[in-house]
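Trainee: Could you pick one part of this structure and take a close look at it with me? After that, I'd love to hear how the rest connects up.

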Amino acid sequence: MAIVTGIEGMTEVPRADGGTTLLVKGSGFGGATDVVFRDPNGKTYRAQSYTIDSDSQITVVSPAVDNHGTYDIVVMTGTKESTTPLVQAYAAAGDGDVRPGAGSSGLTLTTQYSAVDQIRIERKLSEWDRNREAREADLYTNADGDDVHLSSLDDCKGRQPGNYLHPDDCTKFVACTPQADAIVYECPSCENEPDRCTPVGRMVYNVRADACMWADLTDCFSN
């Protein structure tokens, strides 16, 4: 019977859209016929692919699943499911009474299967999430490709005069003067359009347009 002793080798967070490569460690994998992921409700999902590297390791690509949460990884050998090593743990007596040998705490030592075959799968990445890095780079550079994100209000020194993204608040922008002074401006209030506004009631500065815009038309990456 196959025994899973651990999950290793993940270089990224496993997500519900699948595609994460991981290493299943254990023993008895030589005759494996399938690898499945089981959710807390018992629904199973077959791995996108798996390769038996040795009797003690299988390389698995995670499947797409319906929900994020904790999943058991089960190695199938025919109709037999893998198990995990047994461990000892303390559990409370169901009726609240002290069991023999349990001591005054009402806890008793039990033997159960460990959870070393479990992984946490996070939600799917939206297109907004996937494109965030590219959009962030766009918002930090102007139409000429110059970096216009200030690290602090003292960062005007050595900068060309002009407008820059505020270091901590995207509802503001900073005008760097020829004397390297920093003048902070706030974007206009937009409380009359709450659905298109930021929580603080102001528009968002966009460096590409060099203008304050509705919050639903641009992104905010200030801290």
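Mentor: Sure, let's start on the surface, where Tyr90, Leu107 and Leu109 form a nonpolar patch with about 310 Å² of accessible area together. Keep in mind that you're looking at a predicted model. Zoom in on Leu109, which sits in strand β10, residues 107–113. Its relative accessibility is 44%, so Leu109 counts as partly exposed.

Now head inside. The largest nonpolar core has 20 residues, and those touching the most other members are Leu22, Val24, Phe37, Ile58, Val60, Ile73 and Val75. Who supplies two or more residues to this core? That would be β1 (3–8), β2 (21–27), β3 (34–38), β6 (57–61), β7 (69–77) and β11 (118–121). The largest share, 3 residues, comes from β7. There's also a second, separate core of 8 residues, with Phe173, Cys197, Met203 and Tyr205 among them.

Strand β3 is worth another visit, this time for charges. Side chains of opposite charge can pair when their charged atoms come close. The whole structure has 7 salt bridges. One of them joins the side chains of Asp34 and Arg46, at 2.8 Å from N to O. Asp34 is in strand β3 and Arg46 in strand β4 (residues 44–46), so this pair ties together parts 12 residues apart in sequence. Is each partner buried or exposed? Asp34 has a relative accessible area of 13%, so we call Asp34 buried, while Arg46, at 61%, is exposed.

Arg38 and Glu81 meet in a salt bridge too, at 2.6 Å from N to O. Arg38 lies in strand β3 and Glu81 in strand β8, so here the parts tied together are 43 residues apart in sequence. Glu81 is partly exposed, with 35% relative accessibility. Just along from there, look at Thr84, in the loop between β8 (80–81) and β9 (86–92). Thr84 is buried, at 6% relative accessible area, and a polar atom of its side chain lies 2.7 Å from the backbone oxygen of Ser114.

Next, the sulfur links. A disulfide is a covalent bond between the sulfur atoms of two cysteines. This structure has 2 disulfides. Cys156 is joined to Cys176, with 2.0 Å from S to S. Cys156 is in the loop between α2 (132–139) and β12 (162–165), and Cys176 is in strand β13 (residues 172–176), so the bond ties together parts 20 residues apart in sequence. The torsion about that S-S bond is about -75°, so the disulfide is left-handed. Both Cys156 and Cys176 are buried.

Cys187 and Cys212 form a disulfide as well, with their sulfur atoms 2.0 Å apart. Cys187 lies in the loop between β14 (182–186) and β15 (204–206), and Cys212 in strand β16 (residues 211–213), so the parts being tied together are 25 residues apart in sequence. Cys187 is buried, at 0% relative accessible area, but Cys212 is partly exposed, at 22%.

One last stop: the loop between α2 and β12, where you'll find Asp155. Its side chain makes a polar contact with the side chain of Arg159, at 2.7 Å. Asp155 and Pro167 are 12 residues apart in sequence and 9.3 Å apart in space, C-alpha to C-alpha.

Technical notes:
Residues numbered from 1 in each chain as written. Predicted model: local features only at pLDDT ≥ 70, side-chain atom pairs only at ≥ 80, totals over all residues. Heavy atoms only, no water. Patch = residues over 30% accessible without salt bridge, like charges linked within 9 Å, V, L, I, M, F, W, Y side chains within 5 Å. Areas by Shrake-Rupley, 256 points an atom, 1.4 Å probe, with all protein chains shown as cover. Salt bridge = Lys/Arg side-chain N within 4 Å of Asp/Glu carboxyl O. Helix = DSSP H or I, 4+ residues; strand = E, 2+ residues; numbered from the N terminus. Buried < 20%, exposed > 50% of the residue type's maximum accessible area, 1.4 Å probe, protein only. Disulfide = S-S within 2.5 Å. Core = buried A, V, L, I, M, F, W, Y, C linked by side-chain atoms within 4.5 Å. Polar contact = N/O pair within 3.5 Å; in protein donor to acceptor, adjacent residues only side chain to side chain.
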